[in-house]
Amino acid sequence: MSNKRVDLLVGAQWGDEGKGKVVDILGSNVDVFVRYQGGANAGHTVVVDGQKVVFHLLPSGMLYPGKLCVLGNGLVIDPEQFLSEISGLLENGQDRARLAVSPHAHVVMPYHKMLDKLQEEARGKGRKIGTTGRGIGPCYVDKYSRSGLRVQDLLNADILRDRLIYILEEKNQLFTKLYNQKPLAFDEIYEPARKWGEALKPYVDDTRKLLREAVDKGQHILLEGAQAALLDIDHGTYPYVTSSSTSASGAYTGTGLSPHDLTRVISVVKAYTTRVGEGPFPTEDFGEDGEKLRHNGGEFGATTGRPRRCGWLDFVALKYATELNGADTIALTKLDVLTGMGDIKICVAYELDGNKFETWPTDTGILNDVKPVYETLPGWNEDITNCKNFDELPINAQNYVKYIEQKLNVPVGLIGVGADRNQTINRGI
Ligand code: IMP
């Protein structure tokens, strides 16, 4: 059908590309906002009229009154976080969108968060993933081992009781025998879970059907990916990844939409690279440049407050992510952070044991040892935060954008030149 408008927005690096801002910019034309994977490990920051709002779980579209926001079946939902974000919006007097939660989304339970921390400690130095501690991995483990609780299980006290008895028996074996912890008392978990079920109930709906109807009516749907391609459970730098399908394909399993429904993929690329948590990062800069990027870019985790690791753009990684996501257009964020950086370095290949290669390796373990091969482009010192058109950018900034387009063979449809919604150059995205 030609009148379909289903946009998928995905990150092309290791997360924190500024996806929330892009969603927010596209937002006024969107009818339905959807999150479909991950959970409260995400941190989408939106700045409206100088006021900063961070969503971990809710779609960024919640700031648009009258719209529909969907939490799809692929998500893992922490009810406490969910309810606190909703009450935060109400307290701020922010009119909110209509919210629909899939009954099939899995629930992050307190024991998942406890296990996340215990497992990280047990991994010890050198093996830690650097998770956000939000219980994401253990919750997905339970989903796939069929020991999970879904949102719909919380709505029925008998089913919840029945499943939880079995689940807690298993978990308590883990807590007591493996981790030397006290067992969890049934009521301590059951009672709050039952109450969460009551609180969630008004939002629970057949989200697959709602989305199907929205697509068929030609409504504009925006699927908001969290994290990014290089953190993908299948395609990322395993085991230093998150536990969901963060590249484009996760949008189908996480919603029940079909591959035919998607009309456009917007790949969000930050003008440099950051990573939070452990794992390989070939262009990480441990010197002055890295420090400057972190400082100028305010690169501290929205979820954990951790300082992000920073470095230059990496085209070996970006080409791989662009292929995985099937990008139609790029939203380039935080270009202003490169102002005053001097010459700009661009990684075009990796070198290992005297061999140069330009394609992403299947054994991502070697990324710890590769040396980035850099090209250099001249930088700029002019303030670009008020530029509204591409032509207003200094010529070197224009050339940097053109270089990215040519290297990835994808047009850059949007350029972020500052944190605010209107500090954006829209080239027809
Ligand atoms: P988890 O998702 O909490 O299990 O963490 C797994 C890895 O993904 C860690 O390296 C986290 O720092 C990283 N991660 C998870 N969510 C985000 C995010 O929203 N932005 C950037 N990194 C993330």
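Helices (H or I, at least four residues) and strands (E, at least two) are DSSP runs, numbered from the N terminus. With that in hand, let's work through some exercises. The model is predicted, so local features need pLDDT of at least 70 and side-chain atom pairs count only at pLDDT 80 or more, while totals for chains, interfaces and linings use all residues. Residues are numbered from 1 along each chain as its sequence is written, and side-chain values use heavy atoms, leaving out hydrogens and water.

**Exercise 1. Place Ser244 and describe its surroundings.**

Step 1: Ser244 is in the loop between strand 9 and helix 9 (250-253).

Step 2: Its relative accessible area is 4%, so Ser244 is buried. Buried means under 20% relative accessible area, exposed over 50%, and partly exposed in between (1.4 Å probe, protein chains only).

Step 3: Now list contacts, meaning heavy atoms within 4.5 Å. Not counting residues up to four places away in sequence, Ser244 touches Gln37, Gly38, Tyr140, Gln227, Leu231, Asp232 and Ile233. Ser244 and Ile233 are 11 residues apart in sequence, with their C-alpha atoms 5.5 Å apart in space.

Step 4: Finish with the side chains: those of Ser244 and Gln37 make a polar contact at 2.9 Å. A polar contact is a pair of N or O atoms within 3.5 Å; within protein, one must be able to donate a hydrogen and the other to accept it, and residues adjacent in sequence count only if both atoms are side-chain atoms.

**Exercise 2. Work out why strand 9 (residues 220-224) is largely enclosed, and find its partners.**

Step 1: Count the buried residues. Strand 9 has 5 of 5 buried, so the rest of the structure largely encloses it.

Step 2: Split them by face. His220, Leu222 and Glu224 are buried on one side, and Ile221 and Leu223 on the other.

Step 3: Look for pairing, which requires that DSSP finds at least two bridges between two strands. Strand 1 (residues 5-11) pairs with strand 9 in the parallel sense over 5 bridges. Strand 2 (residues 32-35) also runs parallel to strand 9, joined by 4 bridges.

Step 4: Check Glu224. Leu9 stands opposite Glu224, and Arg35 stands opposite Glu224 as well.

**Exercise 3. Describe what surrounds the ligand.**

Step 1: There are 16 residues around the ligand, and Asn41, Thr132, Thr242, Val276 and Arg306 come nearest. A residue is near if one of its heavy atoms lies within 4 Å.

Step 2: Sort the shell: 6 residues are nonpolar, 8 polar and 2 charged. Here Ala, Val, Leu, Ile, Met, Phe, Trp, Tyr, Cys and Pro count as nonpolar, Asp, Glu, Lys and Arg as charged, and the others, Gly among them, as polar.

Step 3: Go through the ligand's oxygen atoms. One is 2.5 Å from a side-chain N or O atom of Thr242. A polar backbone atom of Val276 is 3.0 Å from a ligand oxygen.

Step 4: Consider the area. Taken alone the ligand exposes 470 Å², and the protein buries 97% of that (Shrake-Rupley method, 1.4 Å probe; for residues, only the protein chains shown count as cover).

**Exercise 4. Explain why helix 11 (residues 315-325) is largely enclosed.**

Step 1: In helix 11, 8 of the 11 residues are buried, so the rest of the structure largely encloses it. Among them are Phe315, Leu318 and Asn325.

Step 2: Identify the packing partners of these buried residues, which include strand 1, strand 10 (264-270) and helix 12 (395-408).

Step 3: Inspect the ends. At the start, a side-chain oxygen of Asp314 reaches to within 3.0 Å of the backbone nitrogen of Val316. Just after the helix, Gly326 has a positive phi of about 65°.
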